[in-house]
Amino acid sequence: MALSKDVLGAALYNRANAYNDNIEDIDQARQDFWKAVADEIIRHIKNNANLNIPGTGLVAPPGGGPVTGVSITGNIL
């Protein structure tokens, strides 16, 4: 799956709900909230981003000719 504003938005909404009730220490609650937001964004990118890296190296054939390369795909770890 590609990155999705709908999937990420729903996940962030669900995470935010845990921080909207009974706040005793507002500073700690704010810090915990933003850590949860960052964690959800990182998780979403790791699970849904696809990479296409052009060129793992360039090769020039002996005697001349076009220089070519190889591309790879993968996931963010």
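## Helix α2 and its contacts with helix α1

Isoleucine 45 sits in helix α2, which covers residues 26-48; helices here are DSSP runs of H or I with at least four residues, and strands are runs of E with at least two, numbered from the N terminus. The model is predicted, so local features need pLDDT of at least 70 and side-chain atom pairs count only at pLDDT 80 or more, while totals for chains, interfaces and linings use all residues. Residues are numbered from 1 along each chain as its sequence is written, and side-chain values use heavy atoms, with hydrogens and water left out.

Helix α2 has 23 residues and spans 33 Å from its first C-alpha to its last, close to the expected 33 Å. That expected span is 1.5 Å times one less than the number of residues.

The buried residues of α2 are Ala29, Ala36, Val37, Glu40, His44 and Asn48. Buried means under 20% relative accessible area, exposed means over 50%, and partly exposed lies in between, with a 1.4 Å probe and protein chains only. Histidine 44, in helix α2, is buried at a relative accessible area of 7%. Apart from its neighbours within four places in sequence, histidine 44 is in contact (heavy atoms within 4.5 Å) with Leu3, Ser4, Val7, Leu8 and Ala49.

Isoleucine 45 is partly exposed, with a relative accessible area of 33%. Together with Leu3 and Ile41, Ile45 makes a nonpolar surface patch of about 230 Å². Patches consist of residues with over 30% relative accessible area and no salt bridge; like charges are joined within 9 Å, and nonpolar side chains (Val, Leu, Ile, Met, Phe, Trp, Tyr) within 5 Å. The areas come from the Shrake-Rupley method with a 1.4 Å probe, and for residues only the protein chains shown count as cover.

Leucine 12 belongs to helix α1, residues 5-17. With a relative accessible area of 22%, leucine 12 is partly exposed. Outside its neighbours within four places in sequence, leucine 12 is in contact with Val37, Glu40 and Ile41. The C-alpha atoms of leucine 12 and valine 37 are separated by 6.3 Å, although the two residues are 25 residues apart along the chain.

Side chains of opposite charge can pair when their charged atoms come close. The whole structure holds five salt bridges, each being a side-chain nitrogen of Lys or Arg within 4 Å of a carboxyl oxygen of Asp or Glu. Among them are the following.

| Salt bridge | Closest N and O atoms |
|---|---|
| Arginine 15 and aspartate 39 | 2.9 Å |
| Glutamate 40 and arginine 15 | 3.3 Å |
| Arginine 43 and aspartate 39 | 2.9 Å |

Arginine 15 lies in helix α1 and aspartate 39 in helix α2, so their salt bridge ties together parts that are 24 residues apart in sequence. The pair of glutamate 40 and arginine 15 likewise links distant parts of the chain, α2 and α1, at 25 residues apart. Arginine 43 and aspartate 39 are four residues apart in helix α2, and so are separated by about one helical turn. Arg15, Asp39, Glu40 and Arg43 are thus linked in a network of salt bridges.

How buried or exposed are the members of this network? Arginine 15 is partly exposed at 24% relative accessible area, and aspartate 39 is partly exposed at 32%. Arginine 43 also counts as partly exposed, at 36%, whereas glutamate 40 is buried at 11%.
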